[in-house]
Amino acid sequence: MGPDGKILQPGGGWWSPYGDTDEEIQKNLKTGHMPNAPDAMRVGPRHFTGTKKGDDTLRDFLGDIGALGGQAKEEYEKRKK
């Protein structure tokens with residue numbers, strides 16, 4: 001999804017869970033309301049899994065299997081010491 005709240009579709013069109021017009025999309029982006037996807041759940045950057053404990057468990061699992069890289073890997077290694 002782009003910063004304008006739109007998902008580009010094959011063939012050049014677009015779709016947005018936030019609405020059908022640019023004005024509606026901009027308004028709903030601020031509130032998180034998604035009229036075109038009522039069962040969708042918005043996951044913010046704070047906790048990917050919904051809780052800090054869940055994030056730590058996921059991060060530990062990914063680190064244990066060697067699936068982390070870059071800054072995530074460095075943070076994982078610091079925490080494990």
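## Buried, exposed and in between

A residue counts as buried when its relative accessible area is under 20%, as exposed when that area is over 50%, and as partly exposed in between. Arg59 has a relative accessible area of 30%, so this residue is partly exposed. Keep these cut-offs in mind as you explore this structure, which is a predicted model.

## Helix H2 and its two sides

Let's start with helix H2, which covers residues 52-64. How far apart are the end C-alpha atoms of helix H2? They are 18 Å apart, and this agrees with the 18 Å that its 13 residues should span at 1.5 Å a residue.

Now look at which residues of H2 are tucked away: Asp55, Asp56 and Gly63 are buried. Seen down the axis of H2, the buried residues fall within an arc of 100°, so they line one face of the helix. Those buried residues pack against helix H3, residues 70-80. On the other side of H2, you will find Lys53, Thr57 and Asp64 exposed. Just past the helix, H2 is followed by Gly66, which has a positive phi, near 80°.

## Asp56 and its partners

Side chains of opposite charge can pair when their charged atoms come close. There are 6 salt bridges in the structure, and Asp56 is a good place to see some of them. Which residue forms a salt bridge with Asp56 with the closest N and O atoms 3.0 Å apart? That residue is Lys52. Lys52 and Asp56 are both in helix H2, 4 residues apart, or about one turn of the helix. With a relative accessible area of 52%, Lys52 is over the 50% cut-off and so is exposed.

Asp56 also meets Arg59 in a salt bridge between their side chains, at 2.9 Å from N to O. Both of these residues belong to helix H2 too, and they sit 3 residues apart, again about one turn of the helix.

## A link between two helices

The side chain of Asp56 meets that of Arg79 in another salt bridge, with 3.6 Å from N to O. This pair links distant parts of the chain, since Arg79 lies in helix H3 and Asp56 in helix H2, 23 residues apart. Arg79 has a relative accessible area of 40%, so it is partly exposed.

Finally, put the pieces together: salt bridges that share partners join Lys52, Asp56, Arg59, Asp60 and Arg79 into one network.

Technical notes:
Residues are numbered from 1 along each chain as its sequence is written. This is a predicted model: local features need pLDDT of at least 70, side-chain atom pairs count only at pLDDT 80 or more; totals for chains, interfaces and linings use all residues. Side-chain values use heavy atoms; hydrogens and water are left out. The expected span of a helix is 1.5 Å times one less than its number of residues. Buried means under 20% relative accessible area, exposed over 50%, partly exposed in between (1.4 Å probe, protein chains only). The arc is that of the directions from the helix axis to the C-beta atoms. Contact means heavy atoms within 4.5 Å. A salt bridge is a side-chain nitrogen of Lys or Arg within 4 Å of a carboxyl oxygen of Asp or Glu.
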